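User: Please take a close look at one chain of this model, covering its fold, its helices and the way it meets its neighbours.

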Amino acid sequence: MTLKTFLHRLGSPPYFYQISKPWGRAFAWIGLGLILVGLYGGLWLAPPDYQQGNGFRIMYVHVPSAWMSLFVFMVIAVASFIGLVWRMRLADAVAAASAPLGAAFTAVALVTGSLWGKPMWGTYWVWDARLTSELILFFLYLGIITLNRSFEDQKTGDKAAAILALIGAIDVPIVHYSVDWWQTLHQGSSFKGLTSEIAPSMLWPLLVMMAGFMFYYAWLVLWRTRSEILLREMDREWAQRVVEP
Amino acid sequence: MNPWLFFFRTELGVSWRERRRVMLPLVFFAIVAFLFPLTMNPKAGLLARMAPGIIWVDAMLAIFLGLESLFRHDHEEGILEQWVLSPTSLELRVLFKVASFWTVTSLPLLLMSPLLVLWLSFPVQELGILLVGLFLGTVTLCFLGALGAALTLTLRQSSMLIAVLFLPIATPILIFGAHSAILAARDLDPRPALYLLATLFFLTVGIVPKAISAALRISYET
Amino acid sequence: MTSWHEFVTMGRFGLFVWPAFGFGLIVMLLNIYWARLREKTARREVRQARQAEEESPQ
């Protein structure tokens, strides 16, 4: 099977529904393994930071979540584009499945960033550039989720959310830049996560955690996409066959 | 007369017939600005420092107030459906529609902002900078808000949803806009902020009418 | 880490490190729960669509 025919078949909902299950299961176990290794490396093996002591360990959950919050938005934007231009239903389903996961990652990034801020800045919330743009990203996610589920006709909801996601994808870098600009103007307590070059013994658990989060997301997005496809194809014969035991 | 100019004038006429809709945001704009000195220490120094932020947030809220009804009437009367089906460019129609929306809702706000400048003891000599910023910003905000209104066209009670869609996307405009006035008030060069605001202005006017048209189209498809 | 005590207290940062990881864990578990819930909804709706089809007169 060449790559092209594989992708073509993957676009067909029944085929995707069938093969995504074993893949999802594999991703789940790989993700769990990586996260456990990453936690062991980050919480036990890595030495304390010479400036931040053990407080820097929040990084091992904060940085992967923040990275995932942006990565998932990128996935939504690409899927929305494919869904709008080529009217591929699977892409709509992927976008709809990703939005709640992205919002969850954003929430984790916000709360852990705030908990990291308390010992570093002495207060839970500072209008730091990164926290502020993460907060705006969170509102964008909420908008996409609500818009997608507001319409009686799911197709309308998918298209409306896709347009918002594409405008949002243009907006996110602008938001980030504007918040950065505003920060430098007021010379607030800009928070540099780790000032010096990060030591390898601290870096590898972070990379492992990030990979683990990616697999965790891949597992859940496949799972959720299966549900979203069912909701979009409920009149089809294959969907009804799948549901019956 | 040029057909597009005619279209613009008809749109203005339609809005003018519902004068109450024009007056209300204006009154709202004044009341909100008037509440700030009452709810905080009205020392001139503090007020002057907060003035750009108050005026900008206030202007954004006043624009937001009119968004829900922006396309509602045309939608219910079937005019929008004709637009979508007609061969003339929907993007251009949207552009003129939003331009007329700006003329009836935001232009009065701009004309009234000198009053707010006095109330909030913002330095009067910087009024010009404030107005240039407000012009660029309110046009951009009108387009972004119109996108929110178009996306929620067929929904009932859409104003809360419009707020969730519109406000986060509007933040960069508010940041650059308010800071052009802040820089001017501090006797610093406001041009960087104004240039950034102008960039967003052109970017928005270039891209967003297309997105609004696409959003209007999906309501009549499927 | 040199001791269990240091691990639990995280120097003086235990009050921040553990809630951060705890919140992360809770949200990650909630994600799984929500995915399950969504699947149940989807299956229920498909079943309802089928019933509606069977009941409708041919």
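Analyst: The following account treats chain B, from its overall form to its contacts.

This is a predicted model, in which local features need pLDDT of at least 70 and side-chain atom pairs count only at pLDDT 80 or more, while totals for chains, interfaces and linings use all residues. Residues are numbered from 1 along each chain as its sequence is written, and chains are lettered from A and ligands numbered from 1 in the order in which they are written.

Chain B has nine helices and zero strands; helices are DSSP runs of H or I of at least four residues, strands are runs of E of at least two, and both are numbered from the N terminus. The C-alpha trace of chain B spans about 55 × 35 × 30 Å along its principal axes. Its radius of gyration, taken over C-alpha atoms, is 18 Å, which agrees with the value near 17 Å for a compact globule of 222 residues; the globule rule is 2.2 Å times the number of residues to the power 0.38.

Helix α3(B), residues 44-67, has 24 residues and should span 34 Å at 1.5 Å a residue, in agreement with the 34 Å between its end C-alpha atoms. The expected span is 1.5 Å times one less than the number of residues. Within α3(B), a kink of about 45° lies at B:Met50, shortly before the proline B:Pro52; the bend is the angle between axes fitted to the seven residues ending at a residue and the seven starting there.

Helix α6(B), residues 90-119, and α9(B) have axes that come within 9 Å and cross at roughly 110°. Such axes are lines fitted to C-alpha atoms over the stretch in contact, with angles from 0 to 180 degrees between N-to-C directions. The two helices are therefore roughly perpendicular, a term for angles of 65 to 115 degrees. Among the contacting residues are B:Leu90 and B:Val94 of α6(B), and B:Pro209 and B:Leu216 of α9(B). Contact requires C-beta atoms, placed from the backbone, within 7 Å.

Towards chain A, chain B contributes 18 residues and chain A contributes 24. On the side of chain B, α7 (127-151), α8 (159-185) and α9 (191-218) each give two or more residues, and α8(B) has the largest share, ten residues. This side divides into 15 nonpolar, three polar and no charged residues; Ala, Val, Leu, Ile, Met, Phe, Trp, Tyr, Cys and Pro count as nonpolar, Asp, Glu, Lys and Arg as charged, and the others, Gly among them, as polar. No contact joins chain B and chain C, whose closest C-alpha atoms lie 19 Å apart.

Terms used
Two residues are in contact if their C-beta atoms, placed from the backbone, lie within 7 Å. Angles under 35 degrees count as roughly parallel, over 145 as roughly antiparallel, 65 to 115 as roughly perpendicular and the rest as oblique.
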